[in-house]
Amino acid sequence: MKKTSLFVAIGIISATMSFASEYEAFTRDLAKPYSFYKKSLALTSKKDDADKAKVALTSFMESWGKLAAIYATDPPKKFAGIQDFAARIKRPVEVAKQSVDYLNAGNIGRAHTVLEEVRYLMWDMRVRSGIVSLADKANDFHEVMEVVFNQAALAKEPEDAQRVYERYAPWFLLKWDEQALAPDVTSVQKDFNPAFAEGRKNVVDYLEALKQGNPAEAKKRTGAVKNAYKSIWMLDTL
């Protein structure tokens, strides 16, 4: 009886392990809903795109709902340590519904803000699981970018801008350069290389304006840096 029980237990464990999905399959299935997510996030940046955003959000909810239905009970092996994976993988659908509600209420700014949760949710799960990706290297840069831009916006005098440069320039440039170290860059190398080179130039030009004590010029260059970030983050490595 003891041996039988042992064999049954081993069989159950083996069966459970054999049905655990592979991360590579998950990323392939994630590609479509995540592309709709990126589109939704971009389209909720401007009031004129509100109607297009609603269409993108509908596609996002439908495709992500299908993804969640598959993986909520079959988490990828690499996410095995995330105890609340089922709740997390279902959460983006609820976030999208909230975004639609804000769009219908005419609050596109809030519709965009709530969607950010999905980016942080996926980022957190990958980091917790030791997964390194270009998307998250871009997320790293985005966080630094926000800090630097906010600090630079407070600069009124040349020396204020120079202090921002002295404190943040190495960190800012490092986080840009680290994107090239992501292992999944190879899948988008052709598009990544020119976007990375152009973006690095924009970052350097922005920092040079701070170094020269010219906060007004630095402010003019923020748009180019933001667009550089977006060009990397929008690359589909999944």
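**Notebook: helix H7 and its surroundings**

I began with the cover over helix H7 and noted that its buried residues are covered by elements including helix H6 (134–153), helix H8 (189–211), helix H9 (215–220) and helix H10 (222–233). I keep in mind throughout that this is a predicted model.

I then listed the residues of H7 that lie under this cover, and found the buried ones to be Ala161, Val164, Tyr168, Ala169, Phe172, Lys175 and Trp176. For the spacing of such a list I recall that an α-helix has 3.6 residues a turn, so residues three or four places apart point the same way.

Next I looked at the course of H7 itself, which runs over residues 158–177, has 20 residues and spans 27 Å from first C-alpha to last, close to the 28 Å expected at 1.5 Å a residue. Where does H7 bend? I located a bend of about 55° at Tyr168, with the proline Pro170 following within four residues; Tyr168 is also one of the buried residues of H7.

**H6 against H8**

I turned to two of the covering helices and found that H6 and H8 pack at an angle of about 20°, their axes being 13 Å apart. Since angles under 35 degrees count as roughly parallel, H6 and H8 are therefore roughly parallel to each other, and I recorded their crossing as left-handed. On the side of H6 the residues in contact are Leu134, Phe141, Val148, Phe149 and Ala152, which meet Phe192, Val203, Tyr206 and Leu210 of H8.

**Gln179**

I followed the chain past H7 into the loop between H7 and H8, where Gln179 lies. Is Gln179 buried or exposed? With 0% relative accessibility, Gln179 counts as buried, because the cut-off for buried is under 20%.

I looked up what touches Gln179 once neighbours within four places in sequence are set aside, and found Leu134, Lys137, Ala138, Phe141, Val185, Phe192 and Ile232. Among them, Leu134, Phe141 and Phe192 also take part in the contacts between H6 and H8. I also checked Gln179 against Asn139, and noted that the two stand 40 residues apart in sequence, with 9.5 Å between their C-alpha atoms.

**H2, H3 and the loop between them**

I moved towards the N terminus to helix H2 (residues 23–43), whose 21 residues reach 29 Å from first C-alpha to last, close to the 30 Å expected at 1.5 Å a residue. Here I found a kink of about 40° at Ala31, shortly before the proline Pro33.

I then set H2 against helix H3 (residues 50–71), and saw that their axes come within 8 Å and cross at roughly 155°; H2 and H3 are therefore roughly antiparallel to each other, and their crossing is left-handed. Among the H2 residues in this contact I noted Pro33, together with Phe26, Tyr34, Phe36 and Tyr37, while those of H3 include Phe60, Trp64, Leu67 and Tyr71.

In the loop between H2 and H3 I picked out Lys46, which counts as exposed at 51% relative accessibility. I noted that the C-alpha atoms of Lys46 and Ile108 are separated by 7.4 Å, although the two residues are 62 apart along the chain.

**The chain as a whole**

I closed with the overall counts, and recorded ten helices and zero strands, with C-alpha atoms filling a box of roughly 80 × 40 × 30 Å along the principal axes. Buried residues make up 43% of the 238 residues, and of the contacts between residues at least 6 apart in sequence, 73% join residues at least 24 apart.

Conventions. Residues numbered from 1 in each chain as written. Predicted model: local features only at pLDDT ≥ 70, side-chain atom pairs only at ≥ 80, totals over all residues. Heavy atoms only, no water. Expected span 1.5 Å × (residues − 1). Bend = angle between axes of the 7 residues up to and from the residue. Buried < 20%, exposed > 50% of the residue type's maximum accessible area, 1.4 Å probe, protein only. Contact = heavy atoms within 4.5 Å. Axes fitted to C-alpha atoms, helices over the stretch in contact; angles between N-to-C directions. Parallel < 35°, antiparallel > 145°, perpendicular 65-115°, else oblique. Left-handed = near helix turned anticlockwise from the far one by under 90°.
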